[in-house]
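Reader: I should like to go through the reasoning behind several labels used for this model. Please set each value against its criterion before drawing a conclusion.

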Amino acid sequence: MSHNLRLLVVASICLLPALPAAYGNVLIAIPTDSPALRFGGEELSSALAETGKQTAVRVGRDGDITVRVARSAVRGGPEAFVVQRKGTRVEVTGGSSIGAMYGLLDVADSVRLGRSLDAVEARRARPFLPMRGIKWNMPFAGGAYAGGEGGGPGQWLWSRDFWEKFLTMMARSRYNVLTLWNGCPYHHLVRLDNIPEASDVPPEQIDANIAFFRWVTKRARDLGIRTYVITWNIHVSPSFAKERGIEAQGVDTPEVREYLRECVRALIDTYPDLTGIGTCPGERMRMTPQERQDFIADVYFGGMRRASRRVPFFLRYWQGDPHATARMLDRVKWPEPVYVSVKFNGEHMYSSPRFHLLDHNWLTMAKRRWKVFWHFRNDCIFRLKWADPDFVREAIQSCNAPYSCGFFWGSEGLKPGADASHRPAGAAYAKYDYEFERKAEMYRVWGRLSYDPDTPDEVLMLDYCRRYGRAGEDAFRALTQASRVIPLTTSFHWNYMNGDWRPEHNIGAWNTSHEQSIRNYRDQETFHSVKEYIFNATIDETLCNIPDFVAAEMNESALPKGQRSPIDAAQEILNAAQEANGLIASAREKLDGDDPDFACLEGDVRIAAELGRYYGWKILAAAHLGRLLVVGDRAAREPAVKLLTECADTWQRLTDLAAQQYPTRQWRDQLPQVAADIAYAKTVQPLPSRGRAWRVAAFDKPFETPDDVKQRVWNEAEARVFVEEGEAKGLGQWIARMNAALAHASIDLAKASGPPGAFGYLARTNYVAEADGIADLVVRTTCQGTVWLGTGAQRRSFDAGRPGVHFFSGAVNSGENLIQVMLFPGAAKRQARLALDVSVLPVHEIAARMECEKAQDLRPPMVVVKDPQCSGRACVHVPRNAGRGDDAEGNPIDHGCMLLPFSVERMGKYEVWVRVFWPATTANSYFIQVDEGAIVQFGQDEVFGRWHWVKARDTYSLAAGRHRLILRTRETDTRGDYVVIAPAR
């Protein structure tokens with residue numbers, strides 16, 4: 001929509017209240033008195049009434065607006081619809097009564113946008129995602145994650161008012177799935193006459209509960225909403241546990257299994273409008289992944305087979321295994337659909353709009369009998385309003401794939417019932433009956449855009465424009481900008497689990513570091529300090545973390561194309577905060593009078609903007625302190641202190657704002673830790689390092705004889721190699737990563753003394769080897785050069801040639817080994833840089849050597865990638881998230897391998913060494929097989945972030961002649977350079 005047209009539409013919305021009173025009658029004719037058609041007709045009637053028209057909805061075939069249900073006339077399935085003009089009338093045709101209902105709701109939107117009926121545009125629509133759902137926990141006493149019988153104030157769980165409002169909100173927003181979760185809901189919802197101890201709820205109360213939830217599931221079905229009851233495992237009712245003398249959770253006995261089978265059967269038979277059931281292979285199951293799936297097959301599918309009808313099954317993936325799941329479903333052969341819920345971005349849906357997984361096999365396995373039902377887990381935003389249509393559109397696009405059926409969203413603890421978290425201090429703020437009403441914008445954007453991502457923002461902001469008049473658009477745009485703060489922050493400061501990170505309060509004591517190649521740093525506090533911002537991973541390759549950013553600055557290298565720096569990330573957050581504040585101020589100026597609902601919105605926008613200022617400045621301060629820690633740049637201290645002082649002032653303003661609107665003290669409780677960041681910045685010292693002693697001499701003419709060397713004045717130059725001690729305690733992986741990025745030992749010849757017109761430089765150092773062996777040297781230079789390893793008869797010379805990264809291999813002796821590098825800066829004068837990394841293979845002889853990238857048979861997902869730090873400038877990589885190479889029991893499976901044939905000249909015992917690169921503890925092993933021997937794993941050492949040698953755990957007895965070695969995938973994101981066969985020592 002063009003800018004001018006958009007302004008015209010918004011202006012027309014704002015003028016609606018000024019339209020004349022009645023100026024005509026409109027008859028809406030629906031073919032049957034179905035609840036869905038009646039609801040859609042009443043919604044359209046209400047929209048027309050706002051324009052002054054008198055309306056009526058009746059069953060019939062003729063009217064000013066007529067409705068048809070004819071699936072054959074509508075492409076796109078039962079939820080699709082077509083709106084057409086037939087002369088002076090509007091005709092809405094749906095693929096089912098639900099599709100027709102959506103068509104009526106769409107016409108109602110057009111009317112509210114200011115269009116008269118004779119201007120309603122012809123339109124076809126079909127659901128972009130087949131399943132569009134909401135998740136929340138049933139607050140039954142004893143239920144996992146959400147206790148509190150009945151839902152607290154007002155007993156909203158048993159309120160028809162709540163359910164009618166909630167379900168009609170879902171229908172208006174085009175949701176069609178509701179998942180209801182509880183550890184053990186059965187003793188509240190079904191009667192088991194054959195197991196009288198199954199429930200301690202009085203029989204008359206259970207009967208009332210059954211009648212009520214039959215109404216809930218039927219009303220949901222009438223509005224096109226499929227309902228699922230989903231449990232965690234293993235839980236039983238308190239009365240059953242007491243009678244059996246067992247714990248109420250985590251116990252597997254034949255009696256428990258029979259109890260649960262009967263519960264499953266009774267649930268399906270008691271509620272004919274319940275769509276399906278589901279469970280989770282974990283939480284309270286002390287079993288292997290395969291045993292968990294066997295339990296589910298026996299109990300849940302066993303119970304479903306006893307029921308009078310077959311229903312779809314919903315399986316949560318957490319603590320499950322795709323291979324074990326596939327075997328179980330292959331054995332069960334359930335005739336109804338099976339949906340596997342997979343977390344889209346861990347437990348923070350408000351991070352990246354692109355998914356990041358622990359195991360891609362859930363998506364890519366060839367023999368899977370399920371559709372992925374994405375779980376957008378909202379353990380990010382509990383209090384603040386949120387609506388960013390562009391973020392939602394991009395995330396929804398990520399869900400649209402052949403392996404997926406759609407998504408559902410919700411948190412693990414937040415309930416959409418009584419508004420308990422928002423208790424305004426005075427009459428200036430609105431009081432909402434229910435939590436979902438306070439978060440109406442969040443529900444609306446996810447539902448509407450998952451049905452049709454092309455829904456314009458003007459439709460999404462309709463309620464704002466109707467309520468706030470001229471201020472409506474600015475109010476909505478202000479919320480949109482404020483809503484960018486937490487996703488942008490969490491994408492940069494990425495933490496997977498709910499206990500890792502709560503972005504509304506900058507807290508989280510856990511440190512799971514799931515889906516990350518390197519573990520986040522944590523101190524002992526719940527509050528995330530500025531140091532934790534320095535040593536924290538980002539969510540994906542589009543963002544650069546602070547250590548890598550500082551290393552790139554030190555190496556004077558640009559970031560990869562398309563990657564954003566920490567400075568970029570901080571600026572995006574600060575820009576969003578500034579825009580939000582400006583727009584909400586503009587909306588306040590345009591608002592006619594005071595409005596308690598607007599006051600709530602304004603407060604949330606300003607709180608989010610202060611959060612944005614805090615996070616943006618904190619990331620900038622962390623970048624400065626990263627330079628101080630790594631580079632030793634003490635000039636970075638002053639701006640870091642100033643920025644963190646701004647952070648403290650901002651957090652105080654945030655605390656004051658929040659206190660007016662929310663009863664929590666969580667913001668105020670963090671004030672001492674906010675101040676502690678300033679104290680840290682004032683006192684922190686550079687990371688401790690040890691230097692490799694380089695001696696550097698400048699030459700003003702070509703090097704000719706050893707005497708030339710003797711006549712030079714040697715200058716000491718220290719290279720930084722960080723060590724894990726003192727201030728660096730607990731940062732081992734980050735230290736290794738930085739050392740790898742900085743090449744372990746580097747010198748800048750610009751800092752060495754010598755004549756300005758120096759022809760070249762000779763740099764020398766001693767490398768101390770613990771034993772005789774073969775050394776791999778990775779030399780980085782910014783100019784041409786030559787490298788010597790050893791002295792006298794042992795000297796080996798390698799021509800580095802052009803600038804860049806060069807890989808050499810040569811023998812070293814136990815003790816000191818001289819390494820010399822001749823460098824020729826040329827036109828660059830003295831702006832030349834040298835870096836050296838050495839890894840030693842401790843063998844005295846090599847019987848065979850094989851380059852991984854030249855494997856005779858290389859099978860996916862293993863791929864060859866370029867790497868100048870490797871022999872042959874290439875290696876074999878198992879891409880991250882390509883899927884593991886072992887099953888639930890740890891047995892190797894055929895998921896990528898490389899075949900490396902080799903020969904030995906004489907019979908004997910041999911060792912196998914592999915030059916590898918491990919990024920993290922979750923990516924540090926292979927499987928290995930020699931000839932027809934056993935397949936065993938090796939690796940699992942803790943040398944991360946650099947190339948090094950790892951020995952296979954077995955010694956092999958080999959006959960003279962030809963053999964074959966196979967390296968198989970075990971973990972992803974691993975790299976292999978080459979393999980050496982050496983006589984056993």
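Reader: Which element provides the largest share of the lining of the largest cavity?

Author: The model is a predicted one. In it, β7 provides the largest share of that lining, with 3 residues. The elements that give two or more residues to the lining are β7 (131-137), β14 (404-410) and α14 (440-451).

Reader: What makes this space count among the cavities, and how many are there?

Author: The count is 4 cavities of 30 Å³ or more. The largest cavity has a volume of about 110 Å³, and 13 residues line it. Closest to its centre are Asn 378, Trp 409, Gly 410, Leu 414 and Tyr 443. A cavity is a space where a 1.4 Å probe fits but cannot get out, and the label rests on that criterion.

Reader: What is the make-up of that lining by class?

Author: By class, the lining of the largest cavity has 7 nonpolar, 3 polar and 3 charged residues.

Reader: What is the make-up by class of the lining of the second largest pocket?

Author: That lining has 12 nonpolar, 3 polar and 16 charged residues. The second largest pocket has a volume of about 940 Å³. Of its 31 lining residues, the closest to the centre are Arg 172, Ala 440, Arg 444, Asp 463 and Arg 466. Helix α16 gives the most to the lining, with 6 residues. Among the other elements that supply at least two residues are α2 (35-50), α3 (97-112) and α4 (160-172).

Reader: Why is the contact between Lys 86 and Glu 91 called a salt bridge?

Author: The N to O distance between the side chains of Lys 86 and Glu 91 is 3.3 Å. The criterion is a separation within 4 Å, so the pair qualifies. Lys 86 has a relative accessibility of 41% and counts as partly exposed, whereas Glu 91 is buried at 11%. Buried means under 20%, so the label for Glu 91 follows. Glu 91 is also the bridge partner, in β5, of Thr 66.

Reader: How do the strands β3 and β5 run, and how many bridges join them?

Author: Strands β3 (residues 65-69) and β5 (residues 89-94) run parallel and are joined by 5 bridges. Two bridges suffice for strands to pair, so β3 and β5 count as paired. Both belong to an open sheet of 6 strands in the order β2-β1-β3-β5-β4-β6, with mixed pairing.

Reader: What makes β2 and β6 edge strands?

Author: Strands β2 (54-59) and β6 (123-125) each pair on one side only. Neighbouring strands of this sheet are turned by 15° against each other on average, direction ignored.

Reader: What makes Arg 306 and Glu 262 a salt bridge, and which parts does the pair tie together?

Author: Their closest N and O atoms are 3.0 Å apart, so the 4 Å limit is met. Arg 306 lies in helix α9 (residues 289-306) and Glu 262 in helix α8 (residues 254-270), so the pair ties together parts that are 44 residues apart in sequence. Arg 306 is partly exposed at 37% relative accessibility, and Glu 262 is buried at 8%. Both residues belong to a network of salt bridges that also includes Asp 252, Arg 257 and Asp 298.

Reader: How do you know that the contact between Glu 971 and Arg 970 qualifies as a salt bridge?

Author: The closest N and O atoms of Glu 971 and Arg 970 are 3.9 Å apart, which is within 4 Å, so the contact is a salt bridge. Glu 971 is buried at 6% relative accessibility, and Arg 970 is buried at 11%. A search of the whole structure finds 77 salt bridges.

Key
Residues are numbered from 1 along each chain as its sequence is written. This is a predicted model: local features need pLDDT of at least 70, side-chain atom pairs count only at pLDDT 80 or more; totals for chains, interfaces and linings use all residues. Side-chain values use heavy atoms; hydrogens and water are left out. Buried means under 20% relative accessible area, exposed over 50%, partly exposed in between (1.4 Å probe, protein chains only). Helices (H or I, at least four residues) and strands (E, at least two) are DSSP runs, numbered from the N terminus. On a 1 Å grid over the protein atoms alone, a cavity is a set of points where a 1.4 Å probe fits but cannot get out, and a pocket is an open set with protein on both sides within 12 Å along at least five of seven lines; lining residues have an atom within 4 Å of a point. Grid points are joined across faces, edges and corners, and a volume is the space filled by probe spheres set on the points. Ala, Val, Leu, Ile, Met, Phe, Trp, Tyr, Cys and Pro count as nonpolar, Asp, Glu, Lys and Arg as charged, and the others, Gly among them, as polar. Axes are lines fitted to C-alpha atoms, for helices over the stretch in contact, and angles run from 0 to 180 degrees between N-to-C directions.
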